[in-house]
Amino acid sequence: MGPVIKLIAGSYEQIAFGYRLSTGEQEWTATADFTHHAHTASVSAVATSERYIATGSRDETIQIYDMKKRIEHGALLHHDGTISCLEFYGTSHLLSGGQDGLLCVWSTRNWECLKSIRAHKGQVTSLSVHPSGKLALTVGTDKTLRTWNLIDGRSAFIKNIKQNAVIVKWSPEGDKYVVVVSDKVDVYNLETATLTSTIINPKRISSIKFLTNSILAVAGDDETVRLCDLNTQKVLCEFEAHETRVKSVDSFTMEDFCVLVTASNDGFIKMWKLNLESLEPPVLLGKVNTTARLTCLAVWKPTTLQEPLPEVKTEPTTSHDAKDVLELERKRKRVRISTVEVVQEEGASPKKKKDGGKKKLKT
């Protein structure tokens with residue numbers, strides 16, 4: 001029996017789609033597993049963990065789905081405005097960023113908001129958690145890149161990037177990170193905190209995915225996906241994935257090859273077989289037509305669990321450098337995250353999680 005793999009896609013039509021993959025020798029098929037219409041506006045973000053799927057929307061809510069019990073777990077209500085980005089860290093925490101400038105950390109144990117940080121003066125456009133779970137990066141419409149110490153919820157480093165970045169992402173090994181501004185990818189080294197290389201895409205970039213620590217899949221406002229080497233700044237491979245612009249890319253690994261999943265405005269989700277050693281032209285494994293205008297995509301593939309986030313320390317950090325924060329926390333004893341006072345602007349009142357009742361997913 002093959003691994004359990006499901007593709008989760010959000011759409012302008014307010015619906016979240018779930019497809020179960022059947023991995024045949026010649027062709028893969030994606031069978032409709034569920035559709036869920038919990039949002040009242042377009043779905044803007046999706047993230048997956050071992051057990052849960054989270055979707056964010058322009059309706060200001062985050063919907064949680066329990067894939068083990070196959071039920072809707074309820075809605076998280078804390079943000080004012082569009083939910084712009086979501087990311088799980090292992091099985092223990094979910095991070096969210098929104099139009100209101102907040103970065104929120106949620107516990108998956110009871111779905112309480114453990115931290116609510118005023119991260120940017122404008123919208124939080126993207127966030128990324130370091131593989132250690134101790135740092136997070138955010139970019140926003142205030143033209144800054146900010147590094148956050150997740151142990152105490154404080155800003156560790158602020159960098160003015162002079163333009164509005166749309167994506168930030170740590171590499172799998174956590175030794176570098178990339179920042180996307182319009183049609184370019186800037187690569188930064190964590191140890192030296194310097195810009196090491198820049199890759200220019202022909203069109204504005206909409207989505208990226210690390211396939212290895214140095215190979216990045218880049219998709220933008222055209223039908224082409226490009227695989228770029230961050231060390232040499234060269235395009236290793238490019239192929240026409242869809243008839244219209246590619247909205248989102250994700251990937252997962254099988255025993256001896258990588259599978260790149262792409263979603264487009266044309267309604268199709270496609271699966272591509274990649275050999276990252278030879279970098280031969282990718283082979284289309286299968287596709288499915290959702291008949292919807294897709295906005296975001298994530299792969300749900302239960303794997304070995306990650307370590308939980310380190311817990312909050314009692315003493316505030318005095319470091320102002322991302323590397324120093326990591327070094328400091330390696331030497332400290334880990335304690336469990338406790339509820340931290342919500343950081344709000346004057347006059348703002350935090351919202352509570354909506355109980356919402358548990359509903360079965362529509363199949």
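**Exercise 1. Find the polar partners of the S96 side chain, and decide whether S96 is buried or exposed.**

Step 1. The side chain of S96 forms a polar contact of 2.8 Å with the side chain of H79. The model is a predicted one.

Step 2. A further polar contact, of 3.0 Å, links the side chain of S96 to that of W106.

Step 3. Place the residue in the fold: S96 belongs to strand β9, residues 93-98.

Step 4. The relative accessibility of S96 is 0%. Buried means under 20%, so S96 counts as buried.

Step 5. List the surroundings. With neighbours within four places in sequence left aside, S96 is in contact with I62, H79, C85, L86, L102, L103, C104, W106 and L127. H79 and W106 from the first two steps appear in this list.

**Exercise 2. Carry out the same kind of analysis for T138, then describe the sheet that holds its strand.**

Step 1. T138 sits in strand β13, which covers residues 135-140.

Step 2. T138 has a relative accessible area of 0%, so it is buried.

Step 3. Its side chain has a polar contact with the side chain of H120 at 2.7 Å. The side chains of T138 and W148 are joined by another, at 2.9 Å.

Step 4. Beyond four places in sequence, the contacts of T138 include L103, A119, H120, V124 and W148.

Step 5. Now the sheet. It is open, has 4 strands in the order β12-β13-β14-β15, and its pairing is antiparallel. Its edge strands are β12 (124-129) and β15 (154-160), each of which pairs on one side only. From one strand to the next, the twist averages 20°.

Step 6. Look at one pair of strands. β13 and β14 (residues 144-149) run antiparallel and are joined by 5 bridges. One bridge partner to note is L145 in β14, which matches V139.

**Exercise 3. Describe the hairpin of β6 and β7.**

Step 1. Strand β6 covers residues 62-66 and is joined to β7 by 5 bridges; the two run antiparallel.

Step 2. Across the pair, D66 stands opposite I71 of β7.

Step 3. Between the strands lie 4 residues, and R70 takes a positive phi near 55° in this hairpin.

Step 4. Check the cover of β7 (residues 71-76): 6 of its 6 residues are buried, and the strand is mostly covered.

**Exercise 4. Find what N213 touches, given that it lies in a loop.**

Step 1. The loop runs between β20 (205-210) and β21 (215-220).

Step 2. The relative accessibility of N213 is 13%. The cut-off for buried is under 20%, so N213 counts as buried although it is a loop residue.

Step 3. Not counting residues up to four places away in sequence, N213 touches S171, P172, E173, G174, D175, K176 and L230.

Step 4. One contact can be specified: the N213 side chain reaches the backbone nitrogen of E173 at 3.0 Å.

Step 5. Compare sequence and space. N213 and W170 are 43 residues apart along the chain, and their C-alpha atoms are separated by 9.4 Å.

**Exercise 5. Which residues of the largest nonpolar core touch the most other members, and which strands supply the core?**

Step 1. The largest nonpolar core has 21 residues, and those touching the most other members are L21, W28, F252, V259, V261, I269 and M271.

Step 2. Strands that each supply at least two residues of this core are β1 (6-11), β2 (16-23), β3 (28-36), β25 (258-264), β26 (268-274), β27 (283-289) and β28 (294-300).

Step 3. Take M271 as an example. Among its contacts beyond four places in sequence are L7, L21, W28, V259, V261 and V283.

Step 4. A second core is separate and has 16 residues, including A45, A54, L94 and C113.

**Exercise 6. Summarise the whole protein: elements, burial, contacts and disulfides.**

Step 1. The protein has 1 helix and 29 strands.

Step 2. It has 363 residues, of which 55% count as buried.

Step 3. Take contacts between residues at least 6 apart in sequence: 48% of them join residues at least 24 apart.

Step 4. The number of disulfides is 0. For two of the cysteines, burial can be stated: C237 is buried at a relative accessible area of 10%, and C258 is buried at 3%.

Technical notes
Residues numbered from 1 in each chain as written. Predicted model: local features only at pLDDT ≥ 70, side-chain atom pairs only at ≥ 80, totals over all residues. Heavy atoms only, no water. Disulfide = S-S within 2.5 Å. Buried < 20%, exposed > 50% of the residue type's maximum accessible area, 1.4 Å probe, protein only. Polar contact = N/O pair within 3.5 Å; in protein donor to acceptor, adjacent residues only side chain to side chain. Contact = heavy atoms within 4.5 Å. Pairing = 2+ DSSP bridges. Axes fitted to C-alpha atoms, helices over the stretch in contact; angles between N-to-C directions. Core = buried A, V, L, I, M, F, W, Y, C linked by side-chain atoms within 4.5 Å.
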